[in-house]
Structures are given as structure tokens and as C-alpha cells.
There are 2 protein chains.
Amino acid sequence: MSEVRTKAQAAQDTAAALARLTTEAKNEALAAIADALIARSREIIESNEEDLARGREQGTSASLLDRLKLTEERIAGIAEGVRQVIALPDPVGDVLESFDRPNGMQIEKRRVPLGVVGMIYEARPNVTVDAAALCLKTGNTVVLRGGSSALSSNRSIVRIMRETLEKTEIPSDAVQLIEDPNRSSVDEMLKLNGLLDVVIPRGGASLIQNVVQNATVPVIETGAGICHTFLDDTAEPAMSEAISLNAKMQRPSVCNSMETLLVHETFARDHLPSLAAKFRDAGAELRGCDKTRELVPGIAEATEQDYATEYNDYILNVKIVNGLEEALAHIRRFGTKHSECIVTETKANAERFLQEVDAAAVYHNVSTRFTDGFEFGFGAEIGISTQKLHVRGPMGLPALTSTKYRIVGNGQIRN
Amino acid sequence: MSEVRTKAQAAQDTAAALARLTTEAKNEALAAIADALIARSREIIESNEEDLARGREQGTSASLLDRLKLTEERIAGIAEGVRQVIALPDPVGDVLESFDRPNGMQIEKRRVPLGVVGMIYEARPNVTVDAAALCLKTGNTVVLRGGSSALSSNRSIVRIMRETLEKTEIPSDAVQLIEDPNRSSVDEMLKLNGLLDVVIPRGGASLIQNVVQNATVPVIETGAGICHTFLDDTAEPAMSEAISLNAKMQRPSVCNSMETLLVHETFARDHLPSLAAKFRDAGAELRGCDKTRELVPGIAEATEQDYATEYNDYILNVKIVNGLEEALAHIRRFGTKHSECIVTETKANAERFLQEVDAAAVYHNVSTRFTDGFEFGFGAEIGISTQKLHVRGPMGLPALTSTKYRIVGNGQIRN
């Protein structure tokens, strides 16, 4: 049997035992993991240095190397993340509905673990711990498939987690790492119906598209965000500036940052030149429609291709529209249903935008950067779902659960 | 552009308009459809006769022809089903959560339509109306792909629905029928990411497996049920008989009927011979394990293959087990996570069974036949989900919705 199938089977065989554990038992095991990561941080850093050395040899960029790098401080941060998961309420066992039927059957709908979660991700080794902690807390076992660039780090982290679990009530087989660095191991995971209950991809667009296009296992799609901010004619100028600069510049590499600014022609005439100057002073490259380029000379043209691109960078498209209708049409065409914002003082326009824009999160006078599990107060985030089934938007712990109907009676039969 | 893509695009283009409609507008349109189906039943019956004639030519079985056949009475029943959907509460717009954040943002989580629902189904033309009514009520447009054996009936029904919608606030393009009878039209639907928001298969195991194996569009899997009843040593004999006969014999063709009876050896010794006689008197064919065949002579052996088969017929496997543990192991191995029952007076065993069996519905002293949207009181049923994501078990109207976060503030930006 292949490594992938063997390990997924082990995770599946362990799922029932994990589903039965009390919250206390799960929290104790997570606390032991947090302690062990810190106590054995030397070991992790040594393995991480192997990854870094290999990365330097292969000419990996400095920014990617920095994402990969683990230090005592970063490991302490990862352990602190595990402790935050411990502090969260355990959704498993929650009674979501409870009702009696006329024939006397009592029906309860309870939260249960999903079973086995497959995580396919890239780069940062902190995801290895985050994902394992979130899955274990919700009574799921997990099969981890991280990027090959972090393989030594991930091996070391998973060895420590598994060795630690041996001293707890969670079986060590609850955490599995796929070590085969070939793409074929991902492809195999995607077809493991019956062994994996769900696959969650975390990473760039090509990783996510590969999973969505090839998985027969159910998927929770995360990620891609082409987000817009629409400045309406009644938008308050100072608020417009603050929100749009924040949405683009505060952290452009993430999915909830803005890629295209839509500006009402009236607002544009009075305020776009100064707003554009602020963006350029802050280091952004602007690309614009024809009308924008009349008001803001010297910038490149924004093409159809640009409107369809998630830059994840300090680049912004600016398009002048003749009103709400054209803004909605642009978002319908180019948006990825992630996060969309209107800045306006016109209540009716705000309501129409919130109602009609089809996205996980729709904002009125708030930066799109808030689409995030921590900012929403969920205390953890498995990712941001961009699909409509199961969960949409920031995913807290309940996203890693399913439900079960329990029916109790005294001999009811159907007529 | 192909028929499939053209019609899916039309449904997608109509989705936003439908999502905005009030419950009243949707209900009026549904009432008009119910009236039109009755007023034009002659037309439907004539088309249905074409399907029946073609079926007879092709040697279709009498039972399948009966499922296909429409009469004035059956059409009245279908119209009555539409009126029942009108009477149900509209889940769209429901506020599921509402909370403020320390920075003053107000966050609401509201139910929204999924968008465009693809339905792939077989045989009975009543599904054409049922599916359309449930989708329209929840603000979704629908692309219907029924079986070729009912194509004339479906064409007639959809023509009547679309012509009726022209006089209502629901655009007629909200209901689309794929008329291409080739399997390639199904395959094309399964890959329409961006045009279809979900595909729901309804039909036999091979139809469902084709959808699950080949869809890149999100799927809600329905159907397959290898359901068990376990008679524990303390099971009440009269109740055991009533529940197991009901679970197998009342309607064996459906997914929540029993395929295998697991019997505690103590209970078997005292009661299995008489219970087996009752099953055989009722017309069931029994297949048994070695121990069963000692107690009930003259029956065939139940093979591994039998335990893994959904008979949908008057055939029952009987297996004697030495206790709860072995029953749980058998269910883990052969169950399809649909509906499972324990009959026992031992509270601890009941609790353990309800807790540990991984299925959409777990029963204590109640027939598995109750896994059904109407029996659960949902007032409608889109199907019974056998997957763990999004919805599990009988699906009512909320299964056809997603959610959206609406965030309202006064200039909040992220630090």
C-alpha cells in the first residue's frame, strides 16, 4: 500500500476513538503539544536550517526564505496559537436542534467531527501545527501534506507532536504527515473517498485550482480574492481615503486586500487626483481606465486582464463608473465572491449593494481587510471559504464539524 | 455555445433577479404554476403517453412504466406538492447571527440563495416540478437534467412552468431543462464551475457515483443506504419484530430501508427462528451467516458481497454477533453512514451506539424508515444527504441556501 493510503487508513482507523474524547482530554493533549514544541525548539530549528540551506541552494527568494524560517520566537508564537485553540469552546456535542414528533420520537441534531481532514498547503511550517491543533480540538484526525520546501521542518514538528500524543489520550496516529514530495501524492489524496472526509487546500491559486479540479473527495475551497471598493458620489472623502488605502496597502499579499478601486465619476472629479497621489506616495503602482488616465496622467492602462488579476502586490486598478449600477456590473464580472465594499452616505445605495453583491462578506464603510476569523471574533481561522456550500467566509471551529441526527423512541414504526 | 452552457448561463444571469424577490412574489409564482399544471394536465398526459409508448417499444419493465406514468390524479398530487412548498417558511433573509465587534463594526450573517442549482435525476417526472418548486422558493434558479425516458413529459411540464412564469415576477429563464439525452450533457454540467453553484444527483447508485467521481462543481451527494438494525440481548421481542419487519418490508425500494439484521447471539437463540418465519411469511428472502443458518435451516449463505449490497428489494441478510462491539464493527465496515438502529433496553448500549455509529441518523428503538424530510417535520425534502459537508440527512429548504456576512461601520480600518 502507498504511503498516502497507509497513513490515511491509519487516520481513518483512529477517527472513532478521537470522536469519543472529552474536551478536557483533547485540551490536555494540545497543552502537551504546545509545551513540547517549546521544549524541543532546538530540534525544530535544526531541521528548519536544512530546509533553508536547500532553499538557498535552489535560489529561493529572500521573502520566501523568510516565510520558511523558524526561530525560538516564532516557535513560541506557534505554541501560543495552540494555547489559543485550547481556550476556545469545543463545538463537538453541541445540540443544534431538539424536537419531538407527534408519534413520540425525540429527535436531536448534534455536532460531530467530520472524521479525517486532509490539509494540502505550501510554505510556512506554522500551518502544520495550526491545522493539527484545530483538527484535534474538533475531534478530527488529520493527514497533512505540506510543501516540499518545508519538509524537514514539517517532519520534525510532526515527530514531536506524535511522540507527545503517545503520552496523552489522543492516539498518535491522529496526526499523519505525507512525506512523499512528488505531486502524485497530492493527486492520490484527492481521490481517497472513504478515507478522507474532506480536503482543505491552503496556498496559491494554482494549488487551490488543482485541488478543486481534481478532487473527488469533498473540498472546502479557500483563497482567491479579487476584492473591490466602490466610492459612491456621496462617499465621505476622508473615510474613502482611509478605507481604500487600508484595503490596498496595509497588507497587499492577502486575499482580502483590494485589487480594484471603483470610483463614481462625480467623486472622481473632485477627489481622485489627490487620492491617487496618496496611493503613489505610499508606493502603489496605479493602472487606470481611460477616464482615470485623464484625471491622473502618467499611469498605465488597466486592461481586462488586469481587472481579472489578483495582484497580491502594491498594484491597484482604478476604474471610473457612472454609478452604482456600473459598479455592481463590474463586480459581478470580475469579483471572486470574497469581500466587496461600498463607501457611501446614501443609505439606499448601501442597502442595495449589501443585498445584491454576491460575496462571502459585503461591507458598508468598512475596509475589506476585516474578512478574517480573528477579526470576526472566532478566535481561530482554518481559512476563508470562497465556496457557498458548508461554510462561507472566515471559518472557525464549527467549519470542521458535521452533524448527526439522534432519534430515540419506544418502538415507532412507519405507516 | 452548447445547449448546456447556454441554458446554465441564462440561469446564472437570472439568479440575481430571483435572489431579490420577496417571499410573496415567489409564492404567487408557485401558485400560478400549481394552477397551470392542473389546468393543462391534458397536455402533460399527452406528452407522457409519448414517453410511455417509447418505453413499451424499448421493453421497459411494467414497474418502471408505472413510475413514469402521469394521470390527472398524479398531476393533482404534484400540484398539491407545490402548494405545500408555498406554505413553508422562506429561509432566505433569515438572520442567523448578529454581533458587534469592539471597533464598532456590526456583523450579520444572513441566509442567501445558493444561486444556480443543477439537478440530475432519473425516471419520475414529478421530480421536475418538485425540484423547480423547492429551488424557486429558496430564490435559486435551476437547471434540470431528467432521464431521457421522461423527456417528452419533462418538456411539456417545463414549457408550462416557463410560460406561467412569464406572467409572474419570476423570470421564465429561472427554470431550464436540458433536452440533450446524451450522457455528454451530464458530463458537461458537472464541469460548469462558475455557472452552476451546486449539483444535486437523485437516482440510482451509478448515476450518483458518476456525479461524485466526475464533478468539479460542488455536489450534494444523496442516496445510497446500506442500513442495519441491531437487536441487542435485552431487546424487547415484540418491538424487535415490529421494527425490523417495518425497516425491511414496508418499502424496500428506498434508501432508508434495512439491508442487514444484526442479532445478538442470546436474542437469536430465543427469538430468531420465529422472527425469521415472520419475514419469510411476509415474502422476504433471507440470507444468513453460518450461525444463522444453524438456527434457520434452508436459507442461503450471506456473503461479504451480500453485506455490501443495497438490495432495495425483499431480501435480507441476517448475521448473529456476540455483542455490541461486533455489531459496531460490522456497521463500520459495511454501513454507508445513512441510517442505523439499535433495539435494546440497555441504556448504556443505546448511548454507546448513538454516540459511536457514524451515520446521518442513528436510532434507538425506532425504525430506520423515518429518515425522511416529511417524517422529520421539514415539510419538504430535496433528498437525503449522505455526505458530511453542508448538510447531512434529510434536507429541507435551508439546504438550498448559503450565507453572507454583512458588515456595516463608519470608517473602520485594520491596524
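Buried means under 20% relative accessible area, exposed means over 50%, and partly exposed is what falls in between. Keep that in mind for the views below, which come from a predicted model.

**View 1. B:Ile413, a partly exposed residue that touches chain A.** With a relative accessible area of 35%, B:Ile413 falls between the two cut-offs, so B:Ile413 counts as partly exposed. Look for B:Ile413 in the segment that follows strand S16 (401-412) of chain B. Once neighbours within four places in sequence are set aside, the contacts of B:Ile413 are A:Ala242, A:Ile243, A:Asn246, A:Ser367 and A:Phe370. Back in chain B, B:Arg159 is 254 residues away from B:Ile413 along the chain, and their C-alpha atoms are 52 Å apart.

**View 2. Helix H10 of chain B.** This helix takes in residues 237-249, 13 residues in total. From first C-alpha to last, H10 covers 18 Å, close to the 18 Å you'd expect at 1.5 Å a residue. Buried residues in H10(B) include B:Met239, B:Ser240 and B:Ile243, and the run from B:Ser244 through B:Leu245, B:Asn246, B:Ala247 and B:Lys248 to B:Met249 is buried too.

**View 3. An aromatic cluster with rings from chains A and B.** Searching the whole structure turns up nine aromatic pairs over all chains. One of them joins A:Phe99 and B:Phe378: the ring centres are 6.5 Å apart and the planes sit at 55°, so this pair is tilted. The pair crosses between chains, with A:Phe99 in strand S1 (residues 95-100) of chain A and B:Phe378 in the loop between strands S13 (361-366) and S14 (383-385) of chain B. B:Phe378 also pairs with B:Phe376, and here the planes are at 90° with centres 5.9 Å apart, so the pair is edge-to-face. B:Phe376 itself is buried, at just 1% relative accessible area. Ring pairs tie A:Phe99, A:Tyr405, B:Phe376 and B:Phe378 together as a cluster.

**View 4. A lysine over a tyrosine, in chain A and in chain B.** In chain A, A:Lys319 lies over the face of A:Tyr307, 5.5 Å from the ring centre. In chain B, B:Lys319 lies over the face of B:Tyr307, at 5.6 Å from the ring centre.

**View 5. The axis between the copies.** A turn of 180° with a shift of 0.0 Å along the axis lays chain A on chain B, with an RMSD of 0.0 Å. The two copies are thus related as by a two-fold rotation axis. A:His390 has the C-alpha nearest the axis in chain A, 1.7 Å from it. As for the interface, 100% of chain A's interface residues are also interface residues in chain B, so the copies meet through the same surface.

Methods: Residues numbered from 1 in each chain as written. Chains lettered and ligands numbered in written order. Predicted model: local features only at pLDDT ≥ 70, side-chain atom pairs only at ≥ 80, totals over all residues. Heavy atoms only, no water. Helix = DSSP H or I, 4+ residues; strand = E, 2+ residues; numbered from the N terminus. Expected span 1.5 Å × (residues − 1). Buried < 20%, exposed > 50% of the residue type's maximum accessible area, 1.4 Å probe, protein only. Phe/Tyr/Trp six-rings, centres within 6.5 Å; stacked < 30°, edge-to-face > 60°. Lys NZ or Arg CZ within 6 Å of the ring centre and 35° of its normal. Least-squares fit on C-alpha atoms with pLDDT ≥ 70 in both. Contact = heavy atoms within 4.5 Å.
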